[in-house]
Amino acid sequence: QYTGVPSAQLHGDTWLHVLHPEDRDRTLQVWRKALDTESMYEIEFRIRDQDGNYRWFHTRAVPQRDDHGAIWQWIGYTSDVQDRMLQEVA
């Protein structure tokens, strides 16, 4: 809802297009490392809203495993940290 892009269009790496261009490569590296190591990831990046404005967010997620140890989903959160990021720059 925040980005205005339907969730059905955010599969694979396509979700990267809602991130600030300067944050995409770094975010993709962190995500791929989490997939490769099957471990938690945590990162801060800017997401574009429906009006084209960017805000900073903090994201953290951990893999959830089935009875055989295979990852079947990732559970996490994304928090708006725009005010904190602006204070750190000031």
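These are my notebook entries on a predicted model, covering its sheet, its helices and a few side chains.

**Entry 1: the sheet**

I began with the strand order. Three strands make up an open sheet, ordered 1-2-3, with antiparallel pairing. I then looked for the edges. Strand 1 and strand 3 stand there with a single partner strand each, so each has one side without a neighbour in the sheet. I also checked the twist. On average, neighbouring strands of this sheet are turned by 30 degrees against each other, direction ignored.

**Entry 2: strand pairings**

I took the pairings in turn. How many bridges join strand 1 and strand 2? I found eight, in the antiparallel sense, with strand 2 covering residues 54-65. For a register mark I noted Glu44, which stands opposite His58 in strand 2.

Next I moved to strand 2 and strand 3. They run antiparallel and are joined by nine bridges. My register mark here is Val62, whose bridge partner in strand 3 is Ile75. I followed the chain between these two strands as well. They form a hairpin with five residues between them. In the turn I stopped at Gly69, which has a positive phi of about 90 degrees.

**Entry 3: helices on the sheet**

Which strands does helix 2 touch? I listed strand 1, strand 2 and strand 3, as helix 2 packs on the sheet. The direction of helix 2 makes about 125 degrees with that of strand 2. Helix 1 also packs on the sheet, and I found it touching strand 1, strand 2 and strand 3. For helix 1 I noted an angle of about 150 degrees with the direction of strand 1.

**Entry 4: aromatic rings**

I looked up ring pairs next. The structure holds four aromatic pairs. I wrote down Trp31 with Tyr41, an edge-to-face pair at 5.0 Å centre to centre, with 75 degrees between the planes. Trp31 lies in helix 1 (residues 21-37) and Tyr41 in strand 1 (residues 41-48), so this pair ties together parts 10 residues apart in sequence.

I went on from Tyr41 to Trp74. Their pair is tilted, at 5.7 Å centre to centre and 55 degrees between the planes. Tyr41 is in strand 1 and Trp74 in strand 3 (residues 71-80), so the parts tied together here are 33 residues apart in sequence. Trp31, Tyr41 and Trp74 form one aromatic cluster.

Is each ring residue buried or exposed? Trp31 and Tyr41 are buried. For Tyr41 I have 16% relative accessibility, so Tyr41 falls under the 20% limit for buried. Trp74 has a relative accessible area of 24% and is partly exposed.

**Entry 5: Gln82**

I placed Gln82 in helix 2 (residues 82-89). With a relative accessible area of 11%, Gln82 is buried. What does the side chain of Gln82 reach? I traced it to the backbone nitrogen of Trp56, at 2.7 Å. Not counting residues up to four places away in sequence, Gln82 touches Tyr54, Arg55 and Trp56.

**Entry 6: Arg60**

My last residue was Arg60, found in strand 2. Arg60 counts as partly exposed, at 34% relative accessibility. I listed its contacts, leaving aside neighbours within four places in sequence: Met40, Tyr41, Glu42, Ile75, Gly76 and Tyr77. I also noted the distance from Arg60 to Thr78. Their C-alpha atoms are separated by 6.7 Å, with the two residues 18 residues apart along the chain.

Methods. Residues numbered from 1 in each chain as written. Predicted model: local features only at pLDDT ≥ 70, side-chain atom pairs only at ≥ 80, totals over all residues. Heavy atoms only, no water. Phe/Tyr/Trp six-rings, centres within 6.5 Å; stacked < 30°, edge-to-face > 60°. Helix = DSSP H or I, 4+ residues; strand = E, 2+ residues; numbered from the N terminus. Buried < 20%, exposed > 50% of the residue type's maximum accessible area, 1.4 Å probe, protein only. Polar contact = N/O pair within 3.5 Å; in protein donor to acceptor, adjacent residues only side chain to side chain. Contact = heavy atoms within 4.5 Å. Pairing = 2+ DSSP bridges. Axes fitted to C-alpha atoms, helices over the stretch in contact; angles between N-to-C directions.
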